[in-house]
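Hi everyone, thanks for coming. Today I'd like to walk you through one structure, and we'll take it slowly. Here it is on the screen.

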Amino acid sequence: MTDHLGNRAWLLHFAIVSLGVIMLYPIAWLIASSFKPSNLIFSDPGLWPTEFTLTNYTTGWAGFAKNKFSTFFINSFIVCALCVIGNLVSTSLTAFAFGRMGFILKKFWFGLMLMTIMLPHHVTIIPQYVLFRNLDWIDTYFPLFVPKWLGTEAFFIFLMIQFIRGLPKELDESARIDGCGPFQIYWRIIMPLCTPALITTALFTFVWTWDDFFTQLLYLNSAKLFTVPLGLRLFMDSSGESAWGPLFAMSVLALVPSLIIFFSLQKYFVEGISTTGIKG
């Protein structure tokens, strides 16, 4: 019996490792290809470069015309920072209102908010574009971050509501006895206890904004405003002369911020997901 269980455990571990290798192989190939000369990227399929070069990184970082790739990184960090801060402020305030406060038609507005999760993003593209065009916001960062400050992310609102509902209401009552108002309860009591949910929201928002290509392509036209995804697109040439080496090199660098943030906040991320899933 023990041997049977041991064999099953060994097979399970083997399957997990095999799936991990399959999933990580494209990333490993990308990293290896970034150190190969462009003419060997597709002719030499091995993971270890037969010819090692850093030219792809220097060429890619030089960028195009007057726009260095560092500019695209700075632009992406600016957009991500505005989106993360906006999402944390708006979703936490909205979640606090739904989770702790009473107001007219609360259940109706909560249900309407949840319905927006099921609304396909593509349905709102044209109305949003028309609205932002009328506001003269095309080719600016406003369409990318302003919606985050208006509590439009129903997924994160629901996640934080679930977390807030799991906090003892006696804390609020004690704070009221001490003379705290609703905002003081939100800022001094609820928010410090919601750190795992806040970090989960910040992490998801950063990664989704950093990797967002379509929305940024839709609203940004000037190369000086391009973010990293749009900067990577500049290496692609429809005529077939794509700069694969610099493209792969900058793609590797584009992965670094997301990986650093995820692994540095992994503990809080897992805690936030697990706690919001079991508290109602």
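Let's begin with a term we need: a pocket is an open set of grid points with protein on both sides within 12 Å along at least five of seven lines, and its lining residues have an atom within 4 Å of a point. Please also keep in mind that this is a predicted model.

So, what lies nearest the centre of the largest pocket? Those residues are His-121, Gln-128, Lys-148, Thr-152 and Glu-153, out of 31 that line the largest pocket. Six helices give two or more residues to that lining: H3 (69–100), H5 (125–134), H6 (142–145), H7 (154–165), H10 (195–211) and H11 (214–219). The largest pocket holds about 1000 Å³ of space. Sorted by class, its lining has 19 nonpolar residues, nine polar and three charged.

Now the second largest pocket, where the space comes to about 190 Å³. Eleven residues line it, and Val-207, Asp-211, Ser-258, Leu-259 and Phe-262 are the closest to its centre. Helices H10 and H13 each bring at least two residues to this lining. Nine of the lining residues are nonpolar, one is polar and one is charged.

Let's stay with H13 for a moment. How far apart are the end C-alpha atoms of H13? Helix H13 covers residues 244–264, which makes 21 residues, and at 1.5 Å a residue it should span 30 Å. The end C-alpha atoms are 31 Å apart, so the model agrees with the expected span. Several residues of H13 are buried, among them Phe-248, Met-250, Val-252 and Pro-257. Ser-258 is also on the buried list, and you've just met Ser-258 beside the centre of the second largest pocket, as one of the residues closest to that centre.

H10 has a residue worth pointing at too: Thr-209 sits in that helix. Is Thr-209 buried or exposed? Its relative accessible area is 8%, and buried means under 20%, so Thr-209 is buried. Leaving aside residues up to four places away in sequence, Thr-209 touches Val-79, Cys-80, Cys-83 and Gln-216.

Next, the enclosed space. There is one cavity of 30 Å³ or more, and the largest cavity has about 30 Å³ of space. Which residues line the largest cavity? They are His-121, Ile-125, Gln-128, Thr-215, Leu-218 and Tyr-219. You may recognise His-121 and Gln-128, which are among the residues nearest the centre of the largest pocket. H5 and H11 each supply at least two residues to the cavity lining, and H11 gives the most, with three. By class, this lining has three nonpolar residues, three polar and no charged ones.

Finally, two residues with a backbone angle to look for on the screen. Leu-105 has a positive phi of about 60°, although it is not a glycine. You'll find Leu-105 in the loop between H3 and helix H4 (106–115). With a relative accessibility of 51%, Leu-105 is over the 50% cut-off, so Leu-105 counts as exposed.

The other residue is Asp-136, whose phi is near 60°, again a positive value in a residue other than glycine. Asp-136 lies in the loop between H5 and H6. Asp-136 counts as exposed because its relative accessibility is 64%.

That's my tour, so thank you for listening, and I'm happy to take questions.

Terms used:
Residues are numbered from 1 along each chain as its sequence is written. This is a predicted model: local features need pLDDT of at least 70, side-chain atom pairs count only at pLDDT 80 or more; totals for chains, interfaces and linings use all residues. Side-chain values use heavy atoms; hydrogens and water are left out. Helices (H or I, at least four residues) and strands (E, at least two) are DSSP runs, numbered from the N terminus. The expected span of a helix is 1.5 Å times one less than its number of residues. Buried means under 20% relative accessible area, exposed over 50%, partly exposed in between (1.4 Å probe, protein chains only). On a 1 Å grid over the protein atoms alone, a cavity is a set of points where a 1.4 Å probe fits but cannot get out, and a pocket is an open set with protein on both sides within 12 Å along at least five of seven lines; lining residues have an atom within 4 Å of a point. Grid points are joined across faces, edges and corners, and a volume is the space filled by probe spheres set on the points. Ala, Val, Leu, Ile, Met, Phe, Trp, Tyr, Cys and Pro count as nonpolar, Asp, Glu, Lys and Arg as charged, and the others, Gly among them, as polar. Contact means heavy atoms within 4.5 Å.
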